[in-house]
Amino acid sequence: MNTNEIIKQLEELNKKSITLDLDENTRNKILNEVSNYTNQFISTLKATKGFGKPNAESLEIKNEPISIEKILQLYQHQVAETGINAASSKHLGYIPGGGVYTAALADYIAAITNPFASVYYASPGAATIENEVVDWLKKVFSFPKDSVGCLSSGGSISTLIALAAARDFYQIKNEKIKKSVVYLSEQVHHSTQKALRILGLEDVLIRYIPLDSHHRIIPSELNSLIENDKNNFLHPFLIVATAGTTDTGAIDPLNDIADIAQMHQLWFHVDAAYGGFFILTSKNALFKGIERADSLIVDPHKGLFLPYGVGAVLVKNSHTVLHSNYYTANYMQDGVNEEMIKSPANLSPELTKHFRGLRVWLPLQYHGIEPFIACLEEKLLLVHYFRNELINLGFHVGPQPDLSVSYFWYPFENDMEQKNRLLMDEIHNDGALFLSSSIIDKRFVIRIAVLAFRTKKETIDEAIEMIKRCLLKVKS
Ligand SMILES: Cc1ncc(COP(=O)(O)O)c(C=O)c1O
């Protein structure tokens with residue numbers, strides 16, 4: 001093809017490809033539509049249900065353009081109105097999400113400017129913001145300055161990074177795997193067992209540590225298990241404790257566990273994905289010992305009420321994290337002179353990634369920390385209030401939680417398990433608010449998790465009303 005032909009073809013192609021780069025008028029129009037839609041979404045949240053059934057309409061991509069109005073309509077019917085309304089106050093199941101507005105604006109700015117946050121050389125500013133967030137987390141959890149960390153997509157990936165560091169520190173590979181022992185609580189989040197499997201550690205021995213009546217690890221039992229395994233010439237290497245269990249809102253006795261880990265020279269990992277930011281509240285004393293962990297995970301998309309998609313991991317031993325994640329290639333050569341630790345890509349499996357630091361940094365800068373702390377403190381009181389109200393209605397409740405997750409059941413005279421399941425079904429059919437269930441100590445229970453930032457006393461009052469309605473139905 002000669003140059004003239006190339007130019008002609010380029011002109012033809014440009015007529016179509018240029019439409020990807022919208023002009024200012026179109027940008028304003030489309031942004032206005034999106035802004036109207038999201039404002040309407042937020043303004044009507046109080047009136048919308050916590051849980052909706054799926055719609056049958058199609059979301060298939062047909063490769064032909066459709067208008068923004070139609071796209072938003074589809075989104076509203078097929079996405080916003082279906083399933084759990086995680087942005088609403090009424091999400092009281094699993095671990096509720098957030099959706100602080102300023103984080104969405106940060107995402108918008110990050111996506112438009114699109115800096116390459118993973119490599120310091122490529123975007124020193126964006127990498128610095130990511131690192132500033134990590135440094136702030138080090139201060140929150142009293143981790144030393146020379147520990148390292150990064151922002152991930154959430155708790156599961158953070159766990160993977162932390163446990164890879166533990167694995168590589170003790171060089172758990174080949175024949176050593178089958179003799180290596182990991183100590184977990186029955187209440188550990190399943191992302192831990194999943195991470196072990198992904199990391200090639202499916203065949204390690206797992207010991208489940210007995211728990212006390214508040215679902216916390218009993219340190220003396222942990223110690224006995226380790227001693228027994230050592231006496232049997234096995235290789236204990238990892239203890240996972242939780243600061244805020246998903247089902248029971250418990251904080252394991254971190255300081256006592258840290259003593260045991262130190263005495264036996266085991267890696268001490270703390271899963272603070274859900275509960276970590278409660279360290280900023282009146283519950284601070286319960287976190288004593290967290291600063292002694294070798295690694296720690298915490299999710300800003302849980303306890304900082306940010307939209308889904310941002311977790312964090314801190315690890316004290318930088319060498320082992322670099323060993324797991326640092327790799328380079330010829331096409332990366334321009335970046336290799338910069339200090340390794342400044343580039344998030346060296347501390348995580350991700351290279352190209354969303355610049356997620358901004359969605360943490362911007363809200364913290366804009367609001368300051370106080371509203372976040374007040375919001376967490378409020379959640380602690382709300383779960384207390386909920387439990388009191390339930391007891392007045394004749395429900396049985398689980399032990400007083402350390403944080404904002406609790407569980408309950410109704411003591412039906414017969415078919416108790418079956419009827420509590422029916423009660424859960426009724427609550428889901430009602431859909432005004434969303435709660436979820438679990439099995440704790442072999443008993444079917446209904447859970448409440450108060451963490452959505454919009455959840456207030458009125459929400460809990462509505463939840464109680466809904467539970468009363470549903471209970472009447474099961475009883476009749
Ligand atoms: C205690 C705990 N750890 C880890 C996770 C996994 O986090 P993610 O869902 O962000 O991957 C969760 C999720 O709820 C959790 O509650």
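**Salt bridges, a ligand shell and a surface patch**

Let me start with one pair: glutamate 378 and lysine 456 form a salt bridge, with N and O 3.0 Å apart. Before going on, a caution: this is a predicted model.

So where do these two residues sit? Glutamate 378 is in helix 13, residues 370-392. Lysine 456 is in the loop between strand 13 (443-449) and helix 15 (457-475). The two are 78 residues apart, and the pair links distant parts of the chain. Now exposure. Glutamate 378 has a relative accessible area of 25%, so it counts as partly exposed. Lysine 456 is at 32% and is partly exposed as well. There is also a third member. Glu378, Lys379 and Lys456 are joined into one network by salt bridges that share partners.

How many salt bridges are there by this rule? The count is 18. I will take two more of them.

Next pair: aspartate 229 and arginine 207. Their side chains meet in a salt bridge, at 3.0 Å from N to O. Aspartate 229 belongs to helix 8, residues 219-231, and arginine 207 to strand 5, residues 205-209, so the bridge ties together parts that are 22 residues apart in sequence. Is aspartate 229 buried or exposed? It is buried, because its relative accessible area is 3%, and buried means under 20%. Arginine 207, at 23%, counts as partly exposed.

Third pair: aspartate 259 and arginine 292. Here the closest N and O atoms of the salt bridge are 2.9 Å apart. Again the pair links distant parts of the chain, 33 residues apart. Aspartate 259 is in helix 9, residues 254-264. Arginine 292 is in the loop between strand 7 (267-272) and strand 8 (295-298). On accessibility, aspartate 259 is partly exposed at 38%. Arginine 292 is partly exposed too, at 27%.

Now the ligand. There are 14 residues around it. Which come nearest? They are Gly155, Ser156, Thr246, Asp271 and His301. By type, the shell divides into three nonpolar, eight polar and three charged residues.

Let's go through the polar pairs. Serine 156 has a polar side-chain atom 2.6 Å from an oxygen atom of the ligand. Aspartate 271 has a side-chain N or O atom 2.6 Å from a nitrogen atom of the ligand. Lysine 302 has a side-chain N or O atom 3.0 Å from a ligand oxygen atom. How much of the ligand is covered? On its own, the ligand has 390 Å² of accessible area, and the protein covers 84% of that. Which elements give two or more residues to the shell? They are helix 6 (155-169) and helix 10 (300-303).

Last stop: the surface. Met1, Ile6, Leu10 and Leu13 form a nonpolar patch there. Together they have about 430 Å² of accessible area. Take methionine 1 from that patch. It is found in the segment before helix 1, which spans 3-17. Why does methionine 1 count as exposed? Its relative accessibility is 66%, and exposed means over 50%.

To recap. The glutamate 378 and lysine 456 bridge links parts 78 residues apart. The protein covers 84% of the ligand's own accessible area. And the nonpolar surface patch has methionine 1 as one of its members. That's all from me.

Notes:
Residues are numbered from 1 along each chain as its sequence is written. This is a predicted model: local features need pLDDT of at least 70, side-chain atom pairs count only at pLDDT 80 or more; totals for chains, interfaces and linings use all residues. Side-chain values use heavy atoms; hydrogens and water are left out. A residue is near a molecule or strand if one of its heavy atoms lies within 4 Å of it. A polar contact is a pair of N or O atoms within 3.5 Å; within protein, one must be able to donate a hydrogen and the other to accept it, and residues adjacent in sequence count only if both atoms are side-chain atoms. Accessible areas come from the Shrake-Rupley method with a 1.4 Å probe; for residues, only the protein chains shown count as cover. Helices (H or I, at least four residues) and strands (E, at least two) are DSSP runs, numbered from the N terminus. Ala, Val, Leu, Ile, Met, Phe, Trp, Tyr, Cys and Pro count as nonpolar, Asp, Glu, Lys and Arg as charged, and the others, Gly among them, as polar. Patches are made of residues with over 30% relative accessible area and no salt bridge: like charges are joined within 9 Å, nonpolar side chains (Val, Leu, Ile, Met, Phe, Trp, Tyr) within 5 Å. A salt bridge is a side-chain nitrogen of Lys or Arg within 4 Å of a carboxyl oxygen of Asp or Glu. Buried means under 20% relative accessible area, exposed over 50%, partly exposed in between (1.4 Å probe, protein chains only).
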